[in-house]
Amino acid sequence: MEAATLAGRRSATRRLLNPARLRDGGIVVSFLTVFLALSLSSGAFLTKANLLNILDQQAGTGVIALGVTVVVIGGGFDLSVGAGMALCGVVAAYVATHVGVGAGLLLGVLSGVLLGAFNGWLVVGMGVSAFVATLAAGLMFRGAAELITDGQLISVTSPGFATLGQDELLGVKLTVLVLALSFVVVSLLLSQTSFGRWLYATGGNDEAAHLSGVPVSRVRVISFLICGLAVGLAGAIETSRVATGQADTGVGLELTAMAAVVVGGTSIAGGQGAAWRTLLGLLLLALIDNGFNLLGVAPTYQQLVRGALIVGAVALDARARRR
């Protein structure tokens, strides 16, 4: 009887510590733990102003991270999003100063779709690995932004350009509303459409997906187009926020976006993941930064914690896929 009880406890422990279970539920537990700890340790944390400020500051990164989620689920990778956001922002500012505000913001967003198409062509059309293709594309995008600005800032003084990045609706910044809308759209795209099912199948096993009739190449190109659209939207948001186009915007943003995706529990090998995971991963990282600032912890420890979270998430994902 005692042996059976002991065996049952061991079995329950193994199930609880199963890497796949830890990866799937870890982000929820981690987020709630950090949220609760900060609520108890800092009176300034659990205020409407602070929470909305966190969401506002993460809006551009969050929109991009949602786009990167789509690419990663499809088995791809995108290291050009930071430079792409800078180029889209510069295009928006340049066109706004020469043509008009509406045209500037619209072309800023649409230029992201063109960048996504370029990445899709490199990866699918030319057969270049996504890692190398998007790394090289990022260098090109940053260089193009430098050429357009000639190393200078492009200040937009036209009324209305800062509306997207600075104005509010019912007490909530428009940037936060854009992030919320993007989350809903990506969630529905992944869970309620044929494209979503094809995307998971392509990322899980592209050969099996192809044999099942899934248009693998088309799905991968569309995933880069969606990511490019997110990059363009984020570029318009960030440029509108400061009413200035800058070629050095978004440096290192690709790593933050990937960190949010991986920490959230989306498999870096493709085929598994969700928009809500990325959003929780992004907010977990943001809460850590915000909490450390409120508690006066040195920034060095923030990087250590971020790195440890990413390593832990990747290790869990690797173990889960081996089982």
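Threonine 244 lies in strand S4, which spans residues 244-245. The model is predicted, and the values below are computed from it. At a relative accessibility of 13%, threonine 244 falls under the 20% limit and is therefore counted as buried. Its side chain reaches the backbone oxygen of valine 242 at 3.0 Å. When neighbours within four places in sequence are left aside, threonine 244 is in contact with Leu153, Ile154, Ser155 and Thr239.

Thr239 also leads to phenylalanine 161, since it appears among the contacts of that residue. With neighbours within four places in sequence again set aside, phenylalanine 161 touches Thr239, Ser240 and Ala243, and also Val156. The remaining contacts of phenylalanine 161 are Ala92, Ala93, Ala96, Val101 and Leu105.

Phenylalanine 161 belongs to the largest nonpolar core, which has 48 residues. Together with Ile64 and Val68, Phe161 touches the most other members of that core. Several helices each supply at least two residues to this core: H4 (59-73), H5 (81-98), H6 (101-125), H7 (130-149), H12 (216-242), H13 (253-264) and H14 (275-295). The largest share, 10 residues, comes from H5. Another core, of 18 residues, lies apart from this one, and its members include Val186, Leu190, Val216 and Val219.

Two of the residues named for the second core, Val216 and Val219, are also contacts of threonine 202. Threonine 202 sits in helix H10, residues 194-204. Its relative accessible area is 0%, so threonine 202 is buried. Apart from neighbours within four places in sequence, threonine 202 also touches Gly74, Ala209, Val214 and Arg220.

The last position to consider is leucine 38, in helix H2, which covers residues 19-41. Which residues does leucine 38 touch, not counting those up to four places away in sequence? They are Phe45, Leu287, Gly291 and Leu295. One of these contacts, glycine 291, is 253 residues from leucine 38 in sequence, yet their C-alpha atoms are 6.2 Å apart in space. Leucine 38 has a relative accessible area of 8%, and because this is under 20%, leucine 38 is classed as buried.

Methods
Residues numbered from 1 in each chain as written. Predicted model: local features only at pLDDT ≥ 70, side-chain atom pairs only at ≥ 80, totals over all residues. Heavy atoms only, no water. Helix = DSSP H or I, 4+ residues; strand = E, 2+ residues; numbered from the N terminus. Buried < 20%, exposed > 50% of the residue type's maximum accessible area, 1.4 Å probe, protein only. Contact = heavy atoms within 4.5 Å. Polar contact = N/O pair within 3.5 Å; in protein donor to acceptor, adjacent residues only side chain to side chain. Core = buried A, V, L, I, M, F, W, Y, C linked by side-chain atoms within 4.5 Å.
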